[in-house]
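Pull up the model and keep it turning while you read. We'll go from the inside outwards, with stops at a few residues along the way.

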Amino acid sequence: MKTSLLLLSALSLNCFAEEEQNQRYSIGLGMGAIYSGVGANLALISDNDMKYISTGCVGYSSLHGSTCGFGAGWIKTDLFDFDSNKHGFGIYATLVDRERYATSNNNQYDFQENDVYGVGISYNYFFRGISSSGTIIGLSVHATNAEYKDNYGAYFQIGYQF
């Protein structure tokens, strides 16, 4: 968990480093890793990359309430020799789940909850290119710090970047 938090902090600091003059800020809404579940992101976009921080919810239960958190990531469209800036490959760190479990102590149960963070890679397709407003779809896979659930997961992503 400490590694995930450290990586999330490093990605957050890097999200707004200036590299190019042709950059703009963007807000996106959708579901998937780049939106921390169902949520939104704030991104710094150039012709070939997108650095973002996100907030969203990954679950809701009438017994336990909502599971919401933050994330950060970086998507690049010039890693491979494509003719356009529509194919983006990225890395991210975000809240992906919450695990609940019970521990026993002298026949008394103590219920615990832990946030589950994931660090992963993603593929995103930008219908109008990464530097233009439009629809995004994608897939991502991640490893987690879960103790009692699977230590891996995946997201389907769909959203709109303004």
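## Inside the core

In this predicted model, the largest nonpolar core is built from 16 residues, and I34, M50, Y52, I75 and F126 have the most contacts inside it. At least two residues of this core come from each of β2 (37–45), β3 (49–61), β5 (87–105) and β6 (108–126). Take F126 as a place to start: leaving out residues up to four places away in sequence, F126 touches M50, I75, K86, G88, T135 and I136.

## Two buried loop residues

Now look at the loops. S36 sits in the loop between β1 and β2, and T77 sits in the one between β4 and β5. Is S36 buried or exposed? With a relative accessibility of 1%, S36 counts as buried. Its backbone is worth a look too: phi of S36 is near 55°, a positive value in a residue that isn't glycine. For background, most residues other than glycine have a negative phi.

T77 counts as buried as well, because its relative accessibility is 3%, and the cut-off for buried is under 20%. What does T77 touch, apart from its neighbours within four places in sequence? Its contacts are D47, N48, S84, N85, H87, G88 and I130.

## The disulfide

There is one disulfide in the structure. It joins C57 to C68, with an S to S distance of 1.9 Å. C57 belongs to strand β3 and C68 to strand β4 (residues 65–76), so the bond ties together parts that are eleven residues apart in sequence. The torsion about the S-S bond is about 85°, so this disulfide is right-handed. Both ends can be checked for cover: C57 is partly exposed at 30% relative accessibility, and C68 is partly exposed at 35%.

## Salt bridges

How many salt bridges does the structure hold? The count is six. Here are some of them, with the N to O distance for each.

| Salt bridge | N to O distance |
|---|---|
| K76 and D78 | 3.3 Å |
| D97 and K149 | 2.9 Å |
| R100 and E113 | 3.4 Å |

The D97 and K149 pair ties together parts that are 52 residues apart in sequence, because D97 is in strand β5 while K149 is in the loop between β7 (134–144) and β8 (152–161). D97 is partly exposed, at 28% relative accessible area, and K149 is partly exposed at 37%.

R100 and E113 link strand β5 to strand β6, so that pair ties together parts that are 13 residues apart in sequence. R100 is partly exposed at 32% relative accessibility, and E113 is partly exposed at 39%. This pair also belongs to something wider: salt bridges with shared partners join R98, R100, E113 and D115 into one network.

As for the K76 and D78 pair, D78 is partly exposed, with a relative accessible area of 40%.

## A nonpolar patch on the surface

Finish on the outside. Y25, I27, L29, L42, I53, Y160 and F162 make a nonpolar surface patch of about 660 Å². Which strand gives the most to the nonpolar patch? That's strand β1 (residues 24–32), with three residues. I27 lies in strand β1, and I27 is partly exposed, with a relative accessible area of 48%.

Note on methods
Residues numbered from 1 in each chain as written. Predicted model: local features only at pLDDT ≥ 70, side-chain atom pairs only at ≥ 80, totals over all residues. Heavy atoms only, no water. Patch = residues over 30% accessible without salt bridge, like charges linked within 9 Å, V, L, I, M, F, W, Y side chains within 5 Å. Areas by Shrake-Rupley, 256 points an atom, 1.4 Å probe, with all protein chains shown as cover. Salt bridge = Lys/Arg side-chain N within 4 Å of Asp/Glu carboxyl O. Helix = DSSP H or I, 4+ residues; strand = E, 2+ residues; numbered from the N terminus. Buried < 20%, exposed > 50% of the residue type's maximum accessible area, 1.4 Å probe, protein only. Core = buried A, V, L, I, M, F, W, Y, C linked by side-chain atoms within 4.5 Å. Contact = heavy atoms within 4.5 Å. Disulfide = S-S within 2.5 Å.
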